[in-house]
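This briefing goes through one protein model with a bound ligand. The topics are single residue positions, the ligand surroundings and the nonpolar cores.

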Amino acid sequence: MDPLKALADAERKPYWLDSPARPEPRARLIGNTDADLVVVGGGFSGLWTALMAKERDPSLDVVLLEGRRIGWAATGRNGGFCMATLTHGLANGLERWPEEIGRLERMGVDNLDEIERTLERHGIDCSFERTGELHVATEPWQLDSLSEHLDLISELGLDYVPLDERQVRAEVNSPTYLGGLWERSGCAMLDPARLAWGLRDACLRLGVRVFERSPVRSLSDDGTTITLRTPYGSVGARRVALGTGVFPPLLRRLKHFVVPVYDYALMTEPLSAAQLAEVGWGNRQGVGDSGNQFHYYRLTDDNRILWGGYDAVYYNGGLVKPEYEQRDETFVKLAEHFATTFPQLSGVRFTHRWGGVIDTCSRFSAFYGTAHGGRLAYAVGYTGMGVGATRFGANVMLDLLSGEATERTELRMVKEKPIPFPPEPVRSGVIQFTRWSIAQADQHQGKRNLWLRTLDRMGLGFDS
Ligand SMILES: Cc1cc2nc3c(=O)[nH]c(=O)nc-3n(C[C@H](O)[C@H](O)[C@H](O)COP(=O)(O)OP(=O)(O)OC[C@H]3O[C@@H](n4cnc5c(N)ncnc54)[C@H](O)[C@@H]3O)c2cc1C
């Protein structure tokens, strides 16, 4: 089928949020109250923070304030790849924190194990399947990058299996694949919206007071109490944790470090048994290809294919706007790429198309810190890999707020900040030129131009 026809009936909304399981929103905050800890943001970051604060100390009075609805933003729109990595992949972590990489990888696997145990403990059904991720090469130059760190991978005892062309196509049958690397236990597939709603319910059962449609408009501090004001109320807090992602930050300094990057995805209708048999995919891994502009794709529990990525769009001026959540140019491109990857699925239609905004920072992985004399903590900048890592970041925030040094707070990764982006309008120019250079590299066997090589040397970059 022509990709345009396959897209014709796709609804313009995030598939995961378009579900009868979506709960009614909790009440707004009305009036004034106090709490031991206020968590701002009802995405994964805030939900994990509130849940684990209560698990650490059930007597703590915890309030969670969400400006719109739980999980409506990146948390309810993503690919649902719940990765062990805390560093946006091994290569990025190795480049930045080589002396810590073994520890970071171990802590990442522990974090993913803990997520799995939390789902069991709280009875959260989010179709969690620990099937791993298949990294595939679709151009000869990508084979080199897949085999680059195999020695280190075996030294660290990580569970990766290299696959040649025949083996990778036996896993998932695409004529575009030249080889692959199956990261077997370091990634799980899940339904992100059902995870968010399950975490919300677990928070409520433990006594967290959750308020939705309650945006925090201002934050003031009298030296003992931090007061957060919403349109109809306020909370006075001893401690505050910010899990506000890419949205205008309540702490002004953060705006220099995070830029909004839009990422887009499509969802197909459920495949029939015969269509699925054409592709294989018996081990149900998530798949990512290995260009600088990459696609990510996976099966859902009812055998649809989520197909996303490739374009990572920064809109000049760096604003977050609802109209940016739809981009037909990208949807058509994605549908064409899907048809090239799976020509045997030419009759399959898309049911949903959507976009979401990613909190990108120049080191591609979250950064952490405190303000107001250590009484406020933040974790932002997950750069498209926060489904799993937000739980680690939530633990870092709680450690920092406790004032005690832990293995996490002693990491160089936790102590350091990324390099800030330049102010607008220079920011737009720099980012758009970098995006153009990345696209050029993909078209020329991965060869990076002088600009990208300079950014690489400075430990800077742009990614989704
Ligand atoms: C299309 C797409 C695909 C992705 N795919 C993956 C993937 O497969 N794997 C992966 O690991 N990551 C992926 N990501 C990234 C992942 O979704 C995010 O890293 C993660 O959801 C971040 O969670 P968060 O809680 O920090 O942010 P968000 O989900 O953005 O939540 C922040 C919340 O804070 C609230 N808020 C902000 N300011 C205020 C305020 N002043 N008052 C009250 N509330 C406020 C917002 O309303 C929002 O609900 C993807 C992202 C997108 C957009």
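## Briefing

Arginine 166 belongs to helix H7, which spans residues 165-171. The model is predicted. Its ligand has 36 residues around it, and the protein buries 95% of the 1000 Å² that the ligand exposes when taken alone. The largest nonpolar core has 65 residues.

**An exposed position: arginine 166**

- Arginine 166 counts as exposed because its relative accessibility is 62%, and the cut-off for exposed is over 50%.
- From arginine 166 to leucine 178 the C-alpha distance is 8.2 Å, with a separation of 12 residues in sequence.

**Ligand surroundings**

- The residues that come nearest to the ligand are Glu66, Trp72, Thr75, Phe81 and Val216.
- Threonine 75 places a polar side-chain atom 2.6 Å from an oxygen atom of the ligand.
- Glycine 80 has a backbone N or O atom 3.4 Å from an oxygen atom of the ligand.
- For phenylalanine 81, a backbone N or O atom lies 2.8 Å from a nitrogen atom of the ligand.
- Two or more residues of the shell around the ligand come from each of helix H2 (44-56), strand S16 (350-360) and helix H11 (386-402).
- By residue class, the shell around the ligand holds 17 nonpolar, 16 polar and 3 charged residues.

**Buried positions in H2 and S16**

- Threonine 49 is located in helix H2, one of the elements that give two or more residues to the ligand shell.
- Threonine 49 has a relative accessible area of 0% and is therefore buried, the cut-off being under 20%.
- Not counting residues up to four places away in sequence, threonine 49 touches Val39, Ala241, Ala394, Met397 and Leu398.
- Glycine 355 is part of strand S16, which is also among the elements listed for the ligand shell.
- With a relative accessibility of 1%, glycine 355 counts as buried.
- Contacts of glycine 355, leaving aside neighbours within four places in sequence, are with Arg77, Asp263, Tyr264 and Glu325.
- Glycine 355 and glycine 308 are 47 residues apart along the chain, and their C-alpha atoms are separated by 9.2 Å.

**Threonine 268 in strand S12**

- Threonine 268 sits in strand S12, residues 259-268.
- The relative accessibility of threonine 268 is 0%, so this residue counts as buried.
- A polar contact of 2.8 Å links the side chain of threonine 268 to the backbone nitrogen of isoleucine 305.
- Isoleucine 305 is also one of the contacts of threonine 268 beyond four places in sequence; the others are Arg304, Phe338, Val348, Arg349, Phe350 and Thr351.

**Nonpolar cores**

- In soluble globular proteins, nonpolar side chains tend to be buried together.
- Within the largest nonpolar core, of 65 residues, Phe392 and Met413 have the most contacts.
- H11 supplies the largest share of this core, with 8 residues.
- Phenylalanine 392 touches Met413, and also Leu86, Met107, Asn111, Tyr368, Arg408, Leu411 and Val414, when residues up to four places away in sequence are not counted.
- Another core, of 60 residues, lies apart from the largest one and includes Tyr177, Phe211, Trp281 and Tyr378.

How values were computed. Residues numbered from 1 in each chain as written. Predicted model: local features only at pLDDT ≥ 70, side-chain atom pairs only at ≥ 80, totals over all residues. Heavy atoms only, no water. Near = heavy atom within 4 Å. Polar contact = N/O pair within 3.5 Å; in protein donor to acceptor, adjacent residues only side chain to side chain. Areas by Shrake-Rupley, 256 points an atom, 1.4 Å probe, with all protein chains shown as cover. Helix = DSSP H or I, 4+ residues; strand = E, 2+ residues; numbered from the N terminus. Nonpolar A, V, L, I, M, F, W, Y, C, P; charged D, E, K, R; others polar. Core = buried A, V, L, I, M, F, W, Y, C linked by side-chain atoms within 4.5 Å. Buried < 20%, exposed > 50% of the residue type's maximum accessible area, 1.4 Å probe, protein only. Contact = heavy atoms within 4.5 Å.
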